[in-house]
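Me: I have a new structure open and would like to learn how to read it. Could you walk me through it, one feature at a time?

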Amino acid sequence: MKPRLIVKKTHTSHINRLRVMLPTKDSDPGEVIVLAEQKRFVRVETTLCYSNEQREKVAFAIRFLAADSGQHSYVVEETNGRVLGTLVKLPSMPLRTQSWRVLDQNGAECAVTVESSSLVGGMRRQLADRPIIGQASLALSKLANYRIIILEPVSRKQTGVYERFGPRKSLFRLSMKDTSWQAVDWRVYAALSIALTAPQTY
């Protein structure tokens, strides 16, 4: 597996700011290729993702499509409406495993995510943005080496991983095998990385 994307999340009292970067040859954070901002503690309808920090051009948008039987679907699209792919969050209960399906522009399934720990994942989703107790859940996720495994949908073999790394594990890194990475537009995996980094928003 190769490092593909690195995500850094910062926030104010009201806004999450996520920077998606290319990794350098040493797997350190490199050039910012996506900047996304979202209101905290609110489910968003549309997130505009800019191609640089100056917000000169929208690279893609993540738009809430539908909720059906507990599933939440988000389409990843260009500004002209051309669909790049779709992310489907499968139904989950608090403190239970949560999974996402990654679909290409034709609706074919490319990947599925699973959590390494349903307990830690549930605490992270429910509590991470809350004062004090959120810091405790974050510390637990670091100690437990919590990560999100990406599987090939048919064979169920691991084809990628999304995990914390870096100083104090303050960054997130998406690593994937070539075949899965090339199966869908990279912006769909950037959108998935944003959703996985800010789970309270999606």
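**Reading the barrel and its cores**

Reply: Let's start with one pair: Val 112 stands opposite Leu 151 in E10. This is a predicted model, where local features need pLDDT of at least 70, side-chain atom pairs count only at pLDDT 80 or more, and totals for chains, interfaces and linings use all residues. Residues are numbered from 1 along each chain as its sequence is written, and side-chain values use heavy atoms, leaving out hydrogens and water.

Me: How many bridges join strand E9 to strand E10?

Reply: In general, two strands pair if DSSP finds at least two bridges between them. Here, four bridges link E9 (residues 109-115) with E10 (residues 147-151), and the two run antiparallel.

Me: What do labels such as E9 stand for, and how many helices and strands does the chain have?

Reply: Helices (H or I, at least four residues) and strands (E, at least two) are DSSP runs, numbered from the N terminus. This chain has four helices and twelve strands. The twelve strands form a closed barrel with antiparallel pairing, in the order E1-E2-E3-E4-E5-E6-E7-E8-E9-E10-E11-E12. From one strand to the next, the twist averages 20°; such angles run from 0 to 180 degrees between N-to-C directions, with axes fitted as lines to C-alpha atoms, for helices over the stretch in contact.

Me: Which helix packs on the sheet?

Reply: Helix H4 (residues 186-197) does, touching strands including E1 (2-11), E5 (58-68) and E12 (171-176). The direction of H4 makes about 165° with that of E8.

Me: How much of the chain is buried?

Reply: Buried means under 20% relative accessible area, exposed over 50%, and partly exposed in between (1.4 Å probe, protein chains only). Buried residues make up 46% of the 202 residues here. Cys 49 counts as buried because its relative accessibility is 0%.

Me: Which residues touch the most other members of the largest nonpolar core?

Reply: A nonpolar core is a set of buried Ala, Val, Leu, Ile, Met, Phe, Trp, Tyr and Cys residues joined through side-chain atoms within 4.5 Å. The largest one has 37 residues, and Val 20, Phe 60, Leu 87, Leu 174, Tyr 189 and Ile 194 touch the most other members. H4 gives the most to this core, with eight residues. Apart from it lies another core of five residues, among them Ile 6, Met 21, Phe 165 and Leu 171.

Me: How many disulfides does the structure hold?

Reply: A disulfide is a covalent bond between the sulfur atoms of two cysteines. The cut-off is a pair of cysteine sulfur atoms within 2.5 Å, and this structure holds zero disulfides.

Methods:
Contact means heavy atoms within 4.5 Å.
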